[in-house]
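Visitor: I am new to reading protein structures. Could you walk me through one, feature by feature?
Guide: Gladly, let us open it up.

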Amino acid sequence: MSQKYADIIIDISHEGVDRTFEYKIPDELVQRVQVGSVVKVPFGQGNRTRQGYVISVKDSSEWDSDKLKEILQIDEKAVEVEGNLIRLAGWMRETYGGTMIASLRTVMPVKEKVAGRKQRIDVMDEVPEFAPVGELTAEQAEVVNTFEKDYDAGLRDRYLLHGITGSGKTEVYIRLAEKVIKSGSSVIVLVPEIALTYQTVARFRTVFGNRISILNSRLSKGEKYREFERARSGETDIIIGPRSALFAPFEKLGLIIIDEEHDGSYKSETTPKYHAREVSFERARIEGAAVVLGSATPSVVSYYMAERGDIRRLTLKRRASGGSLAEVSVVDMRDELHRGNRSIISGELHRRLSDAFSAGEQAMLFINRRGFNSFVSCRECGEVIRCPRCDVSLSLHGNAKLMCHYCGHTEAMPSACPKCKSKLIGGYGTGTEKVEAEIKKLFPGIRTLRMDKDTTQRKDSHGKIIEAFRRHDADCLIGTQMIVKGHDFGNVTVVGAVLADLGLFDSDYESAERTFDLLTQAAGRAGRAEKKGYVVIQTYQPEHYSVITAAKQDFEGFYQYEMAYRRMLRFPPVYELLGVLITSKDEEKCTLLADRLTDELKQHFEGKGTDIIGPAEAVIYRIDEVYRKTVYIKADDACKLTGIIDFIQKRTVNIEDAEVQTDLNPLRIV
Ligand code: ADP
Ligand code: ZN
Ligand code: ZN
């Protein structure tokens, strides 16, 4: 039998995640040693026996085999938390590419000292108690029963909870979590960062008290580590947080819930570029846990899985607190212009806002852009002012500052065109500040609040704006799409999508889906309580299927259109897509590497259900002085891409001054 070797981490709880040691695997252990195994090894001077974790197994070693020590024994009883997480990291490395260390660091945050004291208490305490909901509705009860029956029978299934906005999904999550915790297991609840500020957390906290950990991006690494330790030691039963809460080291995991599962924040933007949905399936498989995905607008990917029977669909069709869905109208902005209305607020939206404000009700207006105007150009020569470091135009903020949204570069707004010296330069497009200015002009005396990337720079500003709006300190909340997610305001009766189309122009195969989600979720914000709600969608593309179906709150209709399009263009979920991004500060190097890699990929993999497209310049070719090229690979089977990721990995390990990243099923074409 040929000699096998293992990379081993000696002490997982210290900074050891950075450093592995190689050992020989003795023949009698070869069959049993695998990624995640807990082993005993001789270590250090005097060869003291220490416990270690196997993070990879391989056929060759760069070291002199005679000088390597052997693994002493394998501890088969110790199916430890770490073992499972290492196994998960191994799966992530194989599925998404990148190094094993990068995957390990994703699943196991390195220990860090907590600065300051008692910050966790602060995070918990700012969340007010929430009045508990009474009886479940019949629909809710049916969903809970289905799950409980499966769970009692030992079945750990995957479910898609498709419930319209306001159908009471959060209440269902709480009941499922209670069930699992009562049976002695723990629960992970993922929510988009934005939904964490208030309601969901308040409701969970009311039910689970101190036995819950709450993660958010405001926690330092040390604080996060401490919350993970609480999970590991059994101090808590349930953790709620964004994507990374998925790796909470509970010893006995029973259930993973992903709320608003369609949300883009579940996809990591750094290597390994994992998707929380996929990783949750794998973690649940390893540990024997159930998974519940919930959304009013399920991702096309999840719905497709449900349709094929890979996950079980549960539905909530009615609003929990009674109340009907809002009345939605679509306004064609081209007609407004013909009628002589040059305002960004249509006649219809103006009327609805007037009615709401005079009745003491509130409104929300959103737009999918930040900044006052999206770019600045010269009306004389057409020059657009661009970032010196990136291939993008600068955005105007206020009326004196230009800013790059990609690298942060700022400069003063020039008084004349830098090319032809004309004074006729100005901003075009529209943004949240412009909408706010327009509302103040049209409705003097109306109090506005604005929420976008610029007003939420400070860590707690997001929650403060939401709270102020809930207290009715303002009549109208204006923001980017961040305002439409997950919040529940009883007094909001009008929601306006000031420009619904912006998302549809992206070079982006998911843009129709995102537009549909956004409009549907926005419509769900109006008329949550007894009051009737109105939604006005302003658009230049009233005939687009994502606008039409969102106006009718017709998910099924949208899905059918969208799948036809994905099938035709061979996009996910029908085909598997792999994005390869090649970057370098040296343009020539970037080109050479992209060409060489593409040639090799074509030689080895082209045909047989695999398309290789590229190389091409990325949509934004240069960011912060780094050049970017892409290759896209479509395959009819995920396994083929796993092989290709491995191939790319091997071909590009030792390149210098350039980087190659893989992105499995990217959400957008870059
Ligand atoms: P979703 O997450 O599905 O959009 P929520 O969970 O936010 O819906 O619930 C919407 C509203 O309905 C909330 O105000 C919630 O308190 C209320 N609610 C949920 N379940 C019930 C119930 N069984 N009876 C009465 N009200 C309920
Ligand atoms: Zn000019
Ligand atoms: Zn820039």
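**A guided reading**

Guide: Let us begin with one spot: Pro573 sits in the loop between helix H16 (555-569) and strand E24 (576-584). Keep in mind that this is a predicted model.

Visitor: What is special about the peptide bond between Pro572 and Pro573?

Guide: As a general idea, most peptide bonds are trans. Here the bond joining Pro572 and Pro573 is cis, with omega about 5 degrees. A cis bond also leads from Thr271 to Pro272, where omega is near -5 degrees. Pro272 belongs to the loop between strand E10 (253-259) and helix H8 (276-287).

Visitor: Which residues does Val301 contact, apart from its neighbours within four places in sequence?

Guide: Val301 is in contact with Arg277 and with Pro573, which we have just met. Val301 itself lies in helix H9 (residues 300-307). Its relative accessible area is 23%, so it counts as partly exposed. Sequence distance and spatial distance can be read side by side here: Val301 and Val574 are 273 residues apart in sequence, and their C-alpha atoms are 8.7 Å apart in space.

Visitor: How do I read contacts for the whole protein?

Guide: Look at how far apart in sequence the partners are. Among contacts between residues at least 6 apart in sequence, 74% join residues at least 24 apart. The protein has 18 helices and 27 strands, and buried residues make up 53% of its 670 residues. Its accessible surface comes to about 29,700 Å², with 48% of that belonging to carbon and sulfur atoms.

Visitor: Which residues of the largest nonpolar core touch the most other members?

Guide: The general idea is that in soluble globular proteins, nonpolar side chains tend to be buried together. In this case the largest nonpolar core has 104 residues, and those touching the most other members are Phe247, Phe366, Leu578, Val580, Ile582 and Ile633. Helix H1 (residues 81-96) gives this core its largest share, seven residues. There is also a second, separate core of 29 residues, with Phe147, Tyr159, Val180 and Leu316 among them. To see one residue's surroundings, take Val580: leaving out residues up to four places away in sequence, its partners include Leu597, Val631, Ile633, Ile648 and Val660. Lys629, Thr630 and Gln661 also touch Val580.

Visitor: How can I check the length of a helix, say H5?

Guide: Use the rise of 1.5 Å a residue: the 14 residues of helix H5 (residues 169-182) should span 20 Å, and its end C-alpha atoms are indeed 20 Å apart, so the two agree.

Visitor: Is H5 largely enclosed by the rest of the structure or open, and why?

Guide: Eleven of its 14 residues are buried, so H5 is largely enclosed by the rest of the structure. Among the buried ones are Val172, Tyr173, Ile174, Leu176 and Val180. Val180 is also one of the residues of the second core. Just after H5, Gly184 has a positive phi of about 95 degrees.

Visitor: Which residues that are not glycine have a positive phi?

Guide: In general, most residues other than glycine have a negative phi. Two cases to look at here are Glu260, with a positive phi of about 50 degrees, and Lys421, with a positive phi of about 70 degrees. Glu260 lies in the loop between E10 and H8, and its 12% relative accessibility makes it buried. Lys421 lies in the loop between E18 and strand E19 (425-428), and at 58% relative accessibility it counts as exposed.

Visitor: Which residues are the protein donors of the zinc ion (ligand 3)?

Guide: To read a metal site, look at the donor atoms, then the angles, then the places in the chain. The donors are the SG atoms of Cys387, Cys390, Cys404 and Cys407, lying 2.3 to 2.4 Å from the zinc ion (ligand 3). The angles among these four donor atoms are 107 to 113 degrees, and the site is tetrahedral. Along the chain, the donors follow the spacing C-x2-C-x13-C-x2-C. Cys390 is in the loop between strand E15 (375-378) and strand E16 (395-397), and Cys407 is in the loop between strand E17 (401-403) and strand E18 (410-412), so this pair ties together parts that are 17 residues apart in sequence.

Visitor: Are Cys390 and Cys407 buried or partly exposed?

Guide: Cys390, at 1% relative accessibility, counts as buried, whereas Cys407, at 26%, counts as partly exposed.

Note on methods: Residues are numbered from 1 along each chain as its sequence is written. Chains are lettered from A and ligands numbered from 1 in the order in which they are written. This is a predicted model: local features need pLDDT of at least 70, side-chain atom pairs count only at pLDDT 80 or more; totals for chains, interfaces and linings use all residues. Side-chain values use heavy atoms; hydrogens and water are left out. Helices (H or I, at least four residues) and strands (E, at least two) are DSSP runs, numbered from the N terminus. The expected span of a helix is 1.5 Å times one less than its number of residues. Buried means under 20% relative accessible area, exposed over 50%, partly exposed in between (1.4 Å probe, protein chains only). Donors are N, O and S atoms within 2.8 Å of the metal (3.2 Å for Na, K and Ca); water is not among the atoms, so sites may look incomplete. Four donors count as tetrahedral if all angles lie between 85 and 135 degrees; four count as square planar and six as octahedral if opposite donors are over 155 degrees apart and all others between 65 and 115; anything else is irregular. Contact means heavy atoms within 4.5 Å. Accessible areas come from the Shrake-Rupley method with a 1.4 Å probe; for residues, only the protein chains shown count as cover. A nonpolar core is a set of buried Ala, Val, Leu, Ile, Met, Phe, Trp, Tyr and Cys residues joined through side-chain atoms within 4.5 Å.
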